[in-house]
Amino acid sequence: MERMTLRIFAVGAMAAVTLCTVVTAEEQSAPAAKNARILLMPRKMISGDRTTLAVLDANGRLTPGVTIAFSNGDHVTTNATGRGLFVAPLTPGVLYATIQGRPGRVQTLVIAAPANASTPSVVQAPHFASLSDRFELQGHGFCGDADKNVVRVNGESALVMAASSESMTILPPEDLQPGPADVTVACNKGAASAARLIFLSLSLQADTSPMHPGQKRTLSVRIEGTRDQVTLEARNLAPEIAELAGGNPAKAISSGGAENVASFPLTGKQHGKVLVSIRLMPWAIRNKT
């Protein structure tokens, strides 16, 4: 079972620049349930169908032993893989899910079962996806049991983190290169559906020396895999140390071109380590016809 660490950039005294890393369960001890922070739910599910959710800690690691409470009174606890398999409610409508003991909730939609079962079909896919972060596909006929889906990117197996028959969240293969790639999706040994995405590599260029009050600094992120402009989002995880221009979170559009770069200005507030999380925002969505 693979585990995921989200793309976290740490900048400051004694801080290393850490990119997204995927490690096996044998190489990484499971994070404590109390550290659960991120709930991944399929955006849509069919009433009465098996469905898989996933829970991550603050570093993006799949987290076992976490109880999820639903607005209809049901509960599910993540297993050793950091995912939880449950049956979607029989009553269609909006369903909310919450990590027990944590603020915030995630919304999903329960819809009535279609008259006829369908083979896997990808209806919506992001135009861009990060090599080191999850991406979502929307469609029909997927397996709600995540491990029964067969997802390949340029022929390499990808990890399905959360899934319903209508939606799935996927982590790309570890050794994938930047650029266009074909993604195929099948449920069990059934027929496969395909989508084409452009996968991007994001690398940080920053001064890692200690930051001081009033000091101004720019975090620059270089994008490889496209010459098009893309949108990135930065979240300041240590707002007491520095202020991120544009608010928190802040968004930036890259320059485009051969040297495709996005910049995030910072202003120091006190001496200490700056911690900023930067993610690709796949706003451009392809509707397949």
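A residue is called buried when its relative accessible area is under 20%. With that idea in hand, we can start our walk through this predicted model. Of the chain's 289 residues, 49% count as buried. What kinds of regular element does the chain have, helices or strands? The count is 0 helices and 28 strands. Contacts also tie the chain together over long stretches of sequence: among contacts with a separation of 6 or more, 63% are between residues 24 or more positions apart.

Before looking at details, let us check the confidence of the prediction. The pLDDT averages 85 over the chain, and 88% of the residues score at least 70. Residues 1-27 are a stretch to treat with care, with a pLDDT below 50. In the model this stretch still has 92 contacts beyond near neighbours in sequence. Where pLDDT is low, though, predicted coordinates should not be read in detail.

Now let us turn to the aromatic rings. A pair of such rings is described by the distance of the centres and the angle of the planes. How many aromatic pairs does a search of the whole structure find? There are 2 aromatic pairs. One of them is formed by Phe70 and Phe86, whose centres lie 4.9 Å apart with 40° between the planes, a tilted arrangement. Phe70 belongs to strand β8 (residues 67-70) and Phe86 to strand β10 (residues 83-87), so this pair links parts of the chain that are 16 residues apart. Both Phe70 and Phe86 are buried.

Phe135 and Phe199 also form a pair, with 5.5 Å from centre to centre and 80° between the planes. Why is this pair called edge-to-face? Planes over 60 degrees apart count as edge-to-face, and here the angle is 80°. Phe135 lies in strand β15 (residues 135-140), while Phe199 lies in strand β21 (residues 192-205), 64 residues apart. Phe135 counts as buried because its relative accessibility is 4%. Phe199 counts as buried too, because its relative accessibility is 0%.

Another ring has a charged partner. The charged end of Arg105 sits over the ring of Tyr96, at 3.7 Å from the ring centre.

Next comes a link through sulfur. A disulfide is a covalent bond between the sulfur atoms of two cysteines. A search of the whole structure finds 1 disulfide. Which residues does the disulfide join? Cys143 is joined to Cys187, with an S to S distance of 1.8 Å. The torsion about this S-S bond is about 85°, so the disulfide is right-handed. Cys143 is in the loop between β15 and β16 (149-153), and Cys187 is in strand β20 (residues 179-187), 44 residues apart. Both Cys143 and Cys187 are buried.

Our last stop is Asn236, found in strand β23 (residues 231-236). Is Asn236 buried or exposed? Asn236 counts as buried because its relative accessible area is 6%. What does the side chain of Asn236 reach? One partner is the backbone nitrogen of Ala238, at 3.1 Å. Another is the backbone oxygen of Ala242, at 2.7 Å. Leaving out residues up to four places away in sequence, Asn236 touches Ala242, Glu243, Leu244, Asn248 and Leu275. Ala242 therefore appears twice in this picture, because its backbone oxygen is reached by the side chain of Asn236 and Ala242 is among the residues that Asn236 touches.

Methods
Residues are numbered from 1 along each chain as its sequence is written. Side-chain values use heavy atoms; hydrogens and water are left out. Rings of Phe, Tyr and Trp (its six-membered ring) pair if their centres lie within 6.5 Å; planes under 30 degrees apart count as stacked, over 60 as edge-to-face and the rest as tilted. Helices (H or I, at least four residues) and strands (E, at least two) are DSSP runs, numbered from the N terminus. Buried means under 20% relative accessible area, exposed over 50%, partly exposed in between (1.4 Å probe, protein chains only). A charge sits over a ring if NZ of Lys or CZ of Arg is within 6 Å of the ring centre and within 35 degrees of the ring normal. pLDDT is the predictor's confidence in each residue, from 0 to 100. Contact means heavy atoms within 4.5 Å. A disulfide is a pair of cysteine sulfur atoms within 2.5 Å. A polar contact is a pair of N or O atoms within 3.5 Å; within protein, one must be able to donate a hydrogen and the other to accept it, and residues adjacent in sequence count only if both atoms are side-chain atoms.
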